[in-house]
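Work through the exercises below with the sequence and the model open. Each task is followed by a solution in steps.

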Amino acid sequence: MSATPFIMDHPLIQHKIALLRDKNTGSKEFRELIAEVTMLMCYEATRDLPMKEVEIETPITIAKTKVLAGRKLAFVPILRAGIGMVDGALELVPAAKVGHIGLYRDPVTHKPVEYYCKLPADIGEREVIVIDPMLATGGSAIDAIKMIKRRGAKNIKFMCIIAAPEGLNALTEAHPDVQVYCGALDDHLNENKYIVPGLGDAGDRIFGTK
Ligand code: PRP
Ligand code: URA
């Protein structure tokens with residue numbers, strides 16, 4: 001059975017996503033908002049990181065307290081738009097490694113085309129969070145996760161800012177073991193497989209192309 005997708009309903013996330021949707025938001029502000037939303041989402045997506053008990057000496061006494069148990073984390077952005085989420089993720093978990101997967105959607109078939117893959121050598125021992133602002137048909141996320149699994153990773157999460165129901169269903173069916181985190185679940189895909197209402201082309205808006 002697949003894990004129930006986690007839709008973030010925190011007011012700060014919803015507010016920032018509203019600004020991301022606005023067509024008048026320019027690239028600089030758009031990039032900053034993507035980083036801020038990613039940071040807030042990461043806070044939730046890392047909630048179940050394992051902890052261990054340690055003893056430390058405070059100025060007052062010896063205290064038993066908890067720290068992260070050293071399980072290694074890797075973020076894997078899907079190029080290109082996923083790059084926009086890396087800084088926000090690393091702000092929260094600076095020790096994480098970063099892999100990269102290059103996929104683009106063919107403009108005619110809307111199917112993902114693979115062009116790059118570089119992952120940490122020990123990816124099989126790491127908890128992996130795949131990051132991409134948009135989950136539309138789900139094709140890119142499904143293929144990216146297949147590539148990561150082929151290289152040995154077993155513990156994978158997927159985090160996106162906006163998802164379409166079509167992509168979410170396809171992803172949870174293809175990878176029922178992957179916990180999905182979304183900032184917002186939108187209405188549907190249009191005839192060009194863009195998310196409605198969505199925010200347009202995330203890569204173009206982050207990098208000022210088009
Ligand atoms: C966008 C987005 C996802 C993909 C989602 O990337 O960043 O990777 O589309 O669509 P899907 O769920 O239908 O696969 P795009 O292919 O536009 O490439 P880019 O990031 O290089 O702009
Ligand atoms: N990719 C985007 O950047 N936006 C969409 O709405 C769909 C795919």
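**Exercise 1.** Which residues are linked with Lys72 in a network of salt bridges?

Solution. The model is predicted: local features need pLDDT of at least 70, side-chain atom pairs count only at pLDDT 80 or more, and totals for chains, interfaces and linings use all residues. Residues are numbered from 1 along each chain as its sequence is written, chains are lettered from A and ligands numbered from 1 in the order in which they are written, and side-chain values use heavy atoms, with hydrogens and water left out.

Step 1. Apply the criterion: a salt bridge is a side-chain nitrogen of Lys or Arg within 4 Å of a carboxyl oxygen of Asp or Glu.
Step 2. The network joins Lys72 with Asp122, Glu125 and Arg126.
Step 3. For the structure as a whole, the count of salt bridges is 13.

**Exercise 2.** Describe the setting of the salt bridge between Lys157 and Asp48.

Solution.
Step 1. The N to O distance between the two side chains is 2.7 Å.
Step 2. Lys157 belongs to strand 10 (residues 155-163), while Asp48 sits in the loop between helix 2 (27-45) and strand 2 (51-57), so the bridge ties together parts 109 residues apart in sequence. Helices (H or I, at least four residues) and strands (E, at least two) are DSSP runs, numbered from the N terminus.
Step 3. Lys157 is buried at 4% relative accessible area, whereas Asp48 is partly exposed at 48%. Buried means under 20% relative accessible area, exposed over 50%, and partly exposed in between (1.4 Å probe, protein chains only).

**Exercise 3.** Set out the pairs Lys64 with Glu55 and Asp143 with Lys146.

Solution.
Step 1. Lys64 and Glu55 form a salt bridge of 3.3 Å, N to O, and both residues are exposed.
Step 2. Asp143 and Lys146 form one of 3.9 Å, N to O.
Step 3. Asp143 and Lys146 are three residues apart in helix 4 (residues 139-150), which means about one helical turn separates them.
Step 4. Asp143 is partly exposed at 27%, as is Lys146 at 41%.

**Exercise 4.** Which residues of the UniProt "binding site" does the lining of the largest pocket include?

Solution.
Step 1. The unreviewed UniProt entry places this feature at Arg80, Arg105, Asp132, Pro133, Met134, Leu135, Ala136, Thr137, Gly138, Gly139, Ser140 and Asp201. UniProt positions follow the numbering used here, feature names are shortened, and annotations may be inferred rather than shown by experiment.
Step 2. Of these, the lining includes Arg80, Arg105, Asp132, Met134, Leu135, Ala136, Thr137, Gly138, Gly139, Ser140 and Asp201. On a 1 Å grid over the protein atoms alone, a pocket is an open set of points where a 1.4 Å probe fits, with protein on both sides within 12 Å along at least five of seven lines; lining residues have an atom within 4 Å of a point.
Step 3. Leu135 lies in strand 9 (residues 134-135) and is buried, at 1% relative accessible area.
Step 4. Leaving aside neighbours within four places in sequence, the contacts of Leu135 (heavy atoms within 4.5 Å) include Ala141, Phe158, Cys160 and Ile195.
Step 5. Gly139 is in helix 4 and is buried at 17%.

**Exercise 5.** What share of residues 8-209 is helix, and what share is strand?

Solution.
Step 1. UniProt, in an unreviewed entry, lists residues 8-209 as "domain: Phosphoribosyltransferase".
Step 2. Over this range the chain is 32% helix and 31% strand.
Step 3. The end C-alpha atoms of the range are 29 Å apart.
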